[in-house]
Amino acid sequence: MGREELLTNLTDWCLTQTVEWEWGDGLVQARLLTGPGGAGKTRLASELASHMTSRGWTAIRLTPNVGTPLGTLSQVCRPLLVIVDYAETRIAQLHELLDVVEHDQSTNPVRILALARATGDWWIRATQHPRSQALGAATVTPVPALHHSSRDRVTAYRKALNHFSDRLRHVYPGLNWQALLSRVCAVTALPALTAEEFDSPLSIQMAALLTLLDSTGTPQQTGVQTSSLEGRLLGHEQKYWDDTANSPERGLTGERCGSETRSLAVALASLAPATDRDNARTLLTNLPGLEDASAAGIRGALSTWLADLYPAPEGSVWGSLQPDRIAEHHIGIQVMREPGVISRYLANLDVAQAFYALNVLARTGRHAQYNSAVEALLRESINASPTIIAPAALISATQTPYPDLLIATLSDLTKKTSDTSLLKVLHDFLPSSTLTLANYAETLTTSLVDALKSQPVRDTQEHFPDLALALNSQSNRLAEIGRKEEALRSASQAIEIYEALIENRQGDHLANLAMALNNKSNRLAEIGRRAESLQTMEEAVRYWRHLAGKQPDAYLYRLAMALNNKANRLADIGRWPEALSFSDESIQTFKSLPEDQQRIHLPGLAMALSSQSNRFAQVGKRLQALEAATESVGYWRTVTGDNPDSFLPELAKALTTQSAHFSELGEIQKAVEVGAEAVKHYRYLSKAHPEAFRPFLAVALNNQSNHLHALGNYSDALCMISEAVEFYRPLIKAHPDAFLANFAAFLGTQSTQLAEAGKFQEALDAINEAIDIYRPLARDHPNAFLPNLAVFLGVQSNRLAAAGNPQEALGVINEAIEICAPLAENHPAAFLPELAVLLHYQSRRLIATKEYGRALISIDRSIEIFDDLSNLYPARFGEYLASSIEIRDLLKAATQDS
């Protein structure tokens, strides 16, 4: 899509009114434009604003220090376009904007156009807000290169020459600008504009400005790199710095505040804001020659000069060199020249300033010519001041689009140090769960465990509680990156230490033991050791009940979490009514917490509700299942909006669950929409951590395949389930206990999709493989796996019938009904629907073998069940009822004729 086409597209997006509401439609809609600095995003947005203003819209550009409260936007009585530049740094303001414009009284369209360098965790965080439907459905569009052809570039270059000459004639009034323009616009004077960088509007504009500045006869400052557009432009910018600094009233003409010092000062000011004038003067003590009290006057004059150079953002004394691309180039040069000065500067920042500086350095380091210098600076700084720089790096790495250098620096520090105190500090700053830092978190906890284990024997005994705590943390971090068996070993070691400490009466460690048991239970479940997992969880619940009885304020939340985990473990072995009972108790316990604790522990309640929805579904309470899942998704959206790095995986899991429950109630379109969001999130997660998240992506793909099949989109349904099967084949070889059951389910889905594609033999092969897997599972764990075996047998019967084996197909469907009938008798709400489906298929098999009387009995029983179900869930079972009635009518006619 070219620029003009994109502008037209954006204009149409603003003007189009949605007739029928769909997800992301409505009065408030959003788009995100991405592209590197200088790509022309802001210019394109300005052109759109002009277009829309001419059509009667109000168009505003949201600035970080907007003077008018955003609440006034709700009073705008015309269609509104809001442009948010640097959106990746202004998530809170985006959310405030959404709160203002999303209201019931709004009758005019609102369009939010966000501009950013790239998507990433920041965009996910922005989209997970209670009012973020518009952002969540926003199209992300990379801004295309503006100047592809030489002709385009020359035209843009000449326009820029004319534009800048209009401005510069006021700065250099004595020049003959008409003659100068004629000279530089001549074909023979045009520079080569063939390099790839001239795709960027900013590069064209910089080249034009440099041509005019060079033509004025103004000498460029010595010592400035001139091999690039940025370097040459900085040469002219430095002349501006020197001209403004050398005026007598500034007091900046002495040897301690020369040109190089001032240039370095500009870089420091561009790295981090100064909170007030005292802070500004203090930060400038890091400049060479300005450390002592005798330089106080110079530092004051220098801070005033810096404040006058560039507009300062709200909350800072000074501003940064603009645009960012020039600032990054200047900082990169100074990092290569004066790494020691900048390292000292970083060490004297507070955490908020260091966070800002590290973000700027991360952007600077992405430029190839500065990457190694920035990396060396970060390593030096973090080693010199780890307690200041490392926490800021941990925070910054989860928010910048360019975290690689920060993570590499943190990893290097962690691997080299044996200082347990430092490792503990770093461990305490880790987010409880993190995607961006998942691999680093494992590195850190492993380093801490190794450091504690390497202590002398006497010291090691003193550090046993710390070691057990570190092992438990290591177990969680290993599990997050998919290393389940190692995670189990770490949890088991932690339990051994805690049990020894309790036995020897060395402190009160019962809560930590209960936590480690809970952790071990989860690890056992993840590798398919279901019975051991339940046994371990029962022990943890006993301890948490004891502790919560004594100190409810401290431990009631932990008990609620443990009850939910026990419910999950019971469900794993098919004890569904008991599982629902513990799930209900878990949620009641969460909701009995004081209000302030309920807010803190909202993720725990969200997790318990998602689990409860599955428990409801397993006992046939489909409406309650969807209600619980929907409540869970709402809570996950809230907490994920604040911290996607920690909670996005749980939101994706909850969406997968919710989509399945929509499907169970026949709301297929909603199931597809929600399922697509879950797949999108899992694809993003799997790119960074495939071992941890591909299994979950496969489950989401399986669900979505079923939903698409129900809509009649058989081609996409087959593609999705084939991808899921492909993901799982290597997993079942490495971890059969953990993944075989899901793999068999995927094969069942694949069989259905292959049959729709006319690949009948492959469809039969797939369901045969699924049943071969499921028979031993159902034998060993009948409560958990017999119901699905019945389902798979029903599918196999259909495949055999399609292959022309009616007798074999009848035998298989009879076996399926023999399994399902007693289940339906004992748990009618859960299993009567499946029994009705199987009876429907049985009647078809009997018709094929010409046993019309028995076929009529089966279809009558099927209709009886479907009639009751369609009254409750018409969208889900109405078609089954109609099809069964049609078969009965045909059978009655056939039996009467005979």
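Here are some short exercises with worked solutions on a predicted model.

**Exercise 1. An aromatic pair**

Classify the pair formed by Trp 636 and Phe 647 from its ring geometry, then place both residues in the chain.

Solution. Begin with the general idea: a pair of aromatic rings is described by the distance of the centres and the angle of the planes. The search of the whole structure finds twelve aromatic pairs. In the pair of Trp 636 and Phe 647, the centres are 5.9 Å apart and the planes make an angle of 45°. Planes under 30 degrees apart would count as stacked and those over 60 as edge-to-face, so the class left is tilted, and tilted is what this pair is. Next, locate the partners: Trp 636 belongs to helix α30 (residues 622-642) and Phe 647 to helix α31 (residues 644-664), eleven residues apart. Finally, Trp 636 counts as buried because its relative accessibility is 1%.

**Exercise 2. Charges over a ring**

Find which arginines lie over the ring of Trp 13.

Solution. Take Arg 31 to start with: its charged end sits over the Trp 13 ring, 5.6 Å from the centre. Then turn to Arg 111, which lies over the face of Trp 13 at 5.9 Å from the ring centre.

**Exercise 3. The span of a helix**

Compare the span of helix α35 with the expected value.

Solution. Helix α35 covers residues 736-756, which is 21 residues. At 1.5 Å a residue, the expected span is 30 Å. From first C-alpha to last, α35 reaches 29 Å, close to that expectation. After α35 comes Gly 758, with a positive phi near 80°.

**Exercise 4. Two helices that pack**

Describe how α10 and α14 pack, and name the residues that meet.

Solution. Start with the geometry: helix α10 (residues 259-271) and helix α14 (residues 339-347) have axes 11 Å apart and pack at an angle of about 35°. Their crossing is right-handed. Now look at the contacts: α10 brings Leu 264, Leu 268, Ala 269 and Leu 271, and these meet Val 341, Ile 342 and Tyr 345 of α14.

**Exercise 5. Buried or exposed?**

Decide whether Thr 443 and Lys 850 are buried or exposed, and describe their settings.

Solution. Thr 443 is in helix α20 (residues 438-453). Its relative accessibility is 17%, so Thr 443 counts as buried. Leaving aside residues up to four places away in sequence, Thr 443 touches Thr 414 and Lys 415. Lys 850 lies in the loop between α39 (828-848) and α40 (852-872). With 62% relative accessibility, Lys 850 counts as exposed. Its phi is near 65°, a positive value in a residue other than glycine.

Notes: Residues are numbered from 1 along each chain as its sequence is written. This is a predicted model: local features need pLDDT of at least 70, side-chain atom pairs count only at pLDDT 80 or more; totals for chains, interfaces and linings use all residues. Side-chain values use heavy atoms; hydrogens and water are left out. Rings of Phe, Tyr and Trp (its six-membered ring) pair if their centres lie within 6.5 Å; planes under 30 degrees apart count as stacked, over 60 as edge-to-face and the rest as tilted. Helices (H or I, at least four residues) and strands (E, at least two) are DSSP runs, numbered from the N terminus. Buried means under 20% relative accessible area, exposed over 50%, partly exposed in between (1.4 Å probe, protein chains only). A charge sits over a ring if NZ of Lys or CZ of Arg is within 6 Å of the ring centre and within 35 degrees of the ring normal. The expected span of a helix is 1.5 Å times one less than its number of residues. Axes are lines fitted to C-alpha atoms, for helices over the stretch in contact, and angles run from 0 to 180 degrees between N-to-C directions. A crossing is left-handed if the near helix is turned anticlockwise from the far one by less than a right angle, and right-handed if clockwise. Contact means heavy atoms within 4.5 Å.
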